[in-house]
Amino acid sequence: MAQLIKDGALCENSWIRITPEDAEGIPANGDIIVSLSCWQEQKDALKDHNGKVAVCLSPGQEPAELADDLADLPMIAIDFPMFADGRGYSYARELRTRYAYQGEIRAVGDVLQDQLFYMWRCGFNAFDIRADKDASEALKGLNDFTVTYQADARDPRPIYRRQPA
Amino acid sequence: MSDRLFPNKLAGYLEYMYVYQDYDQRLLDERVAQFRDQTQRYLDGKLAEEEYRPLRLQNGLYVQRYAPMLRVAVPYGMMASPQLRMLAHICRTWDKGYCHVSTRQNIQFNWPELQDVPDILEALASVQMHAIQTSGNCIRNTTTDEFAGVNAKEIDDPRPWCELIRQWSTFNPEFAYLPRKFKIAVNAVPDEDPALIGVHDIGVQIVKNAQDETGFQIWAGGGLGRTPMTGEVIGEFVEPRYLLAYLEAVLRVYNKYGIRDNKYKARIKIIVKAMGRDKFRELTEREFAELKDGPITLTEQEMERMRASFPAPSYSSLKDLPEALEQALSSSKAFSRWYHTNTRAHKQSGYRAVTLTLKKTGRVPGDITDEQLDVVADLADRYSFGELRTTHQQNMVLADVRQDELFDLWQALDSLGLATPNLKLLTDIVACPGGDYCSLANAKSIPIAEAIQHRFEDMDYLHDLGELDINISGCMNACGHHHIGHIGILGVDKKGREYYQITLGGRGDKVSRIGDKMGPSFESDEVADVVEKIVKLYVELRHDDELFIDTYERVGMEPFKERIYGPAN
């Protein structure tokens, strides 16, 4: 069953996440998500990988680490080891606003229905829902609210700039 | 039922405070639906306890010792009479007939059933109230001076800025999962700190620059809790239109760099201290530079809309000290005492601001019953433009009372038990719910407050002692603000027994100062004795009508220590 929500709909996940502990290392083919340290160590080799390459930022690894690589990256994953660790929200906002990053920003890890709306507003457009949860249920979380007060990555205008004059 | 009780809800009310637009109401309704669904999923076993926990906390719902506790937000402490009636209705329908004013100016219900909470929230939403972000690791209710708008000393009305902060912080997507709770307070009075901004994560001091323009001095890194400290100024003069940009910059720095692996080090104060104020300011300035002049910049129109949301009530043109008041003052000693203790000067001539003390001996400090709430709502309508405030000292305020009606109001309040003339006096004790209710508490606080109040029942003596703040917290979380009590009492657990640690010299008035620890802690039945001894020594040591805190600051801890523990070797 699909666990990935992308641009508001369930879809198949073509990406494989390579964690530093993966014994077999990087597969020869396919779309892969690698850790920041893997990317930094093997950047040149990875540019020749037969498939797309994305980098995963963990809490404590800021987007600035990828500032020079953004044009080469079709996707940046942001890991939530625990959903209560909210650093990833600021990272996504920075990627969208400070760096004007246009690629996919995917939330991975402890990704659950009740955080999706906030994540989406911060600039995430893909959500790899935690394996034990029903992603079709989780999808509802994107529609919790029709009203927002603040500017966000979707609408740069806070509510006081959206009102008719 | 609530529709019958509250026809047209707030029509005709809320003239003097922010009125919800359609979108504000829609947001609240959507929140109720969301929380109803979350609670149902939890009850159905689809949401694990640890997944539901932060969700319910962000809606003010704690699971307490005997029942859940629901904390309802009272933004910057302001309410209109229909809202009071709704609180009374909730007390009757879903609780045990009373509620509690917290030190964040919020209202707490101690006995709701979990499955009823969505219905309670729906009832609250019908009068523009909610429990959003009253707990959890997010931005909490913004607080201010309970005399905002009527305080003759303020240089601006803080409430429009509080409302702007409320909207900016409500469901701010970036700051819902902060390292720890985050509290903001706004103060507009120079040289005094009625909002306690010095002990907030962010304190906003409204100031005037040399050109007489209004701006904000931003403090960061204050807080009570386990490691109490006062904040430091990080922004000297932030222009009004940049207020939210600056706050967002501070929050982003905190969200990225706050400590997350140790909840006792997770408040902003720890990183401000650890990296140093200058480094923290540098990081903030870097974020601010990007946000400044971006869309978050407040528009003139929006600032004006907020100012217009808090107009002065339609005061009558009256003189101070009218004949009716003078007569009442000279004929009733009890009224006169109450007048001098519980009412204060007002911006508008002919009016006074009245504090309703929720501190009658034998009652839990800050508790109020459904019947009292209903009558207070009527009194607010009759005497104070239908408006009421809560205070961080757990009292209530009718801010706009005609002086010639004070005697009538006093009589009504007196028969309700809300006119105890002890405002700011020793028995006006601030106390958290403590171990009687709270599952976090190490010790009880309510019986300690009561024991102390019983020792000081002689009103003449109390008035002779003058202003003296006693604050009691049942644990390190410091909900009773014990660090800033002139006498602070903290419940601690020692091998399963309740002990109490005493601090002296804290203050939260002109400046915020953290109290000094006196020495070894005491058993519960010793605390009132110790307080009595401390007070007796103060009376011996004071010069003329010197206040306790001034005597303490003059003589220091030693004489008190020696009196309590005996001479040092």
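These notebook entries record what I looked up in the structure, beginning with the two-chain contact and ending with salt bridges.

**Conventions.** I am working with a predicted model, in which local features need pLDDT of at least 70 and side-chain atom pairs count only at pLDDT 80 or more, while totals for chains, interfaces and linings use all residues. Residues are numbered from 1 along each chain as its sequence is written, chains are lettered from A and ligands numbered from 1 in the order in which they are written, and side-chain values use heavy atoms, with hydrogens and water left out.

**The interface.** I looked up the contact (heavy atoms within 4.5 Å) and found that chain A contributes 35 residues and chain B 45 residues. The buried area, meaning the accessible area (1.4 Å probe) that two parts lose on being put together, summed over both, is about 3700 Å² between chain A and chain B, with carbon and sulfur atoms giving 51% of it. On the chain A side, Tyr118(A), Tyr149(A) and Tyr160(A) lose the most area to chain B, and together they account for 21% of what that side buries.

**Charges across the interface.** I then counted salt bridges (a side-chain nitrogen of Lys or Arg within 4 Å of a carboxyl oxygen of Asp or Glu), and the rule finds 10 of them between chain A and chain B. One that I noted pairs Lys133(A) with Glu51(B), whose closest N and O atoms are 2.7 Å apart. Sorted by class, the side of chain A that touches chain B holds 15 nonpolar residues (Ala, Val, Leu, Ile, Met, Phe, Trp, Tyr, Cys and Pro), 7 polar residues (the others, Gly among them) and 13 charged residues (Asp, Glu, Lys and Arg).

**Salt bridges within the chains.** Over all chains I find 62 salt bridges. In chain A, the side chains of Asp132(A) and Arg130(A) meet at 2.7 Å, N to O. For exposure I used relative accessible area (buried under 20%, exposed over 50%, partly exposed in between, with a 1.4 Å probe and protein chains only): Asp132(A) is exposed at 55%, whereas Arg130(A) is partly exposed at 23%.

In chain B, I looked at Arg85(B) and Asp381(B), whose side chains form a salt bridge of 2.6 Å, N to O. This pair links distant parts of the chain, 296 residues apart, with Arg85(B) in helix H4 and Asp381(B) in helix H13 (helices being DSSP runs of H or I, at least four residues, numbered from the N terminus). Arg85(B) counts as buried at 19% relative accessibility, and Asp381(B) is partly exposed at 29%.

How values were computed:
Helix = DSSP H or I, 4+ residues; strand = E, 2+ residues; numbered from the N terminus.
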